[in-house]
Amino acid sequence: MTAIWRRTLTLAGAASLTLGMAHAQTPDLSDPPAIDGEVVGDHGSHTLRMGIGLAESSPQYLSSQYFADILDKRTEGRITVNVFPNSQLGDDVQMMEMLQTGSLDMSYPSSSPATTYVEELAVFDLPFLLPTREAAVAVMQSDVAQEMLDAFDGTGIKALTFSENGYRQLSNSARPVETPEDVAGLDVSGLKIRTMENPVHLDIWETLGANPTPMAFGELFSAMEQGVVDGQENPWSTILTSNFYEVQDYGSETRHVYTPFIMMMSERTWDNLAPEYQELVQEAARQSAEYEIQLSAEYDDWSREQLEERGMEITRLDDEQLAAFQEAVQPVYEKWSPEIGEELIQEVQAIVEETTSD
Ligand code: TK8
């Protein structure tokens, strides 16, 4: 059953019908915005390889295809972008290293493992900092965020734009989680939780009493299947599109961190592009990020419902329960604020307040 189901995800819809699968693979998604804008001049041909972590049905993949379509159309086929999903070219950390050496042209990692290049990005890893998607988007589009992208200059990576990975939710195979105590376990041991390769995330789960292990995303499914870890945390859409529900019985709507993605290009590839191509790539990146954020929003609640339909037991936390998590992770703020910079945190908080006050 598992194998068949996983196969249907990569086949055309017709195959799923033949197998009698009633579940839709995607929600009703907005069509990609029309590609207007002029065809740019002929500055030669380029074929670019772009590696991403998520599956073909994810907003990340669909919007990357849109990015490819924009470049294709506006160069009359002179720039081709081939998108490789499912971490098949490597994990976030590996692919960023490949961008540096020029052995890969583009990638789309989470901001969290990219903090090794630009420390300030860790502001996004602070738990419960961004209360609404609107606030998160405003921060991603702010000057402060642009400075973080610019800070990649000289690392071998050209950071093009932020987009949405989203609110992270806890899933596990051991027990329903409603409180921090459920994470730590009273008579039982703390949940073994996979985290992204990022020290703030590690600290969050240590503070909550879990046994966290940083691990590449591409290894996560089999680690959960084999019981190397009990659980993980990612947006509902990822838990759905990467089939984690097959090996995770419980989900909790913790929304503990909002993490962005960053679309990136190898600086070597970037430097090989004519200025007019560079401008186009930058514009297409922003347009596709807007589309990605929209798709991601359309996916979010729908994915949670789909997961419930597929048998996951999902716990929604009330305000009091969320407050208990928020309080439990206060030490993470105290520890990391000086490292990340109080001023930066305050700047982000000011943007958040602007969006929530009107
Ligand atoms: C995909 C990752 C993933 C992230 C993670 O490449 O590692 O859990 O949330 O989406 O970037």
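1. Helices and strands are named here as runs assigned by DSSP, at least four residues long for a helix and at least two for a strand, and they are numbered from the N terminus. With those names in hand, and keeping in mind that this is a predicted model, one can place Gln88 in the loop between β2 and α4, the latter covering residues 92-101. The side chain of Gln88 reaches back to the backbone oxygen of Pro85, at a distance of 3.0 Å, whereas the C-alpha atom of Gln88 is separated by 27 Å from that of Asp31, a residue 57 positions away along the chain.

2. The strand β2 that precedes this loop belongs to an open sheet of five strands, whose order is β2-β1-β3-β10-β4 and whose pairing is mixed. Because β2 (residues 79-84) and β4 (residues 157-167) stand at the edges and have a single partner strand each, one side of each is left without a neighbour in the sheet.

3. Within the sheet, β3 (residues 106-107) and β10 (residues 258-266) are paired in the antiparallel sense over two bridges, and Met106 is found opposite Met265 of β10. As background for reading such pairs, strands of a sheet pair through backbone hydrogen bonds, in either a parallel or an antiparallel manner.

4. Two helices that pack on this sheet deserve a look. Helix α3, made of residues 59-74, touches β1 (residues 46-51), β2, β3 and β10, and its direction makes about 170 degrees with that of β2. Helix α12, made of residues 275-309, touches β1, β2, β4 and β10, and its direction makes about 5 degrees with that of β4.

5. Elsewhere in the chain, strand β6 (residues 192-195) and strand β7 (residues 211-214) run parallel and are joined by four bridges; one of the pairings sets Ile193 against Pro212 in β7. Between these two strands the chain passes through helix α8 (residues 199-207), and the resulting β-α-β crossover is right-handed.

6. Which residues are around the ligand? Among them are Gly53, Leu54, Asp92, Arg194, Met196, Phe217, Asn234 and Phe261, together with Ser110, Asn165 and Arg168. A polar side-chain atom of Ser110 lies 2.7 Å from an oxygen atom of the ligand, one of Asn165 lies 2.9 Å from a ligand oxygen atom, and an N or O atom in the side chain of Arg168 is 3.0 Å from an oxygen atom of the ligand. On its own the ligand has 310 Å² of accessible area, and the protein covers 98% of that area.

Key: Residues are numbered from 1 along each chain as its sequence is written. This is a predicted model: local features need pLDDT of at least 70, side-chain atom pairs count only at pLDDT 80 or more; totals for chains, interfaces and linings use all residues. Side-chain values use heavy atoms; hydrogens and water are left out. Two strands pair if DSSP finds at least two bridges between them. Contact means heavy atoms within 4.5 Å. Axes are lines fitted to C-alpha atoms, for helices over the stretch in contact, and angles run from 0 to 180 degrees between N-to-C directions. A residue is near a molecule or strand if one of its heavy atoms lies within 4 Å of it. A polar contact is a pair of N or O atoms within 3.5 Å; within protein, one must be able to donate a hydrogen and the other to accept it, and residues adjacent in sequence count only if both atoms are side-chain atoms. Accessible areas come from the Shrake-Rupley method with a 1.4 Å probe; for residues, only the protein chains shown count as cover. A crossover is right-handed if, with the strands pointing away from the viewer, the path from the first strand over the helix to the second runs clockwise.
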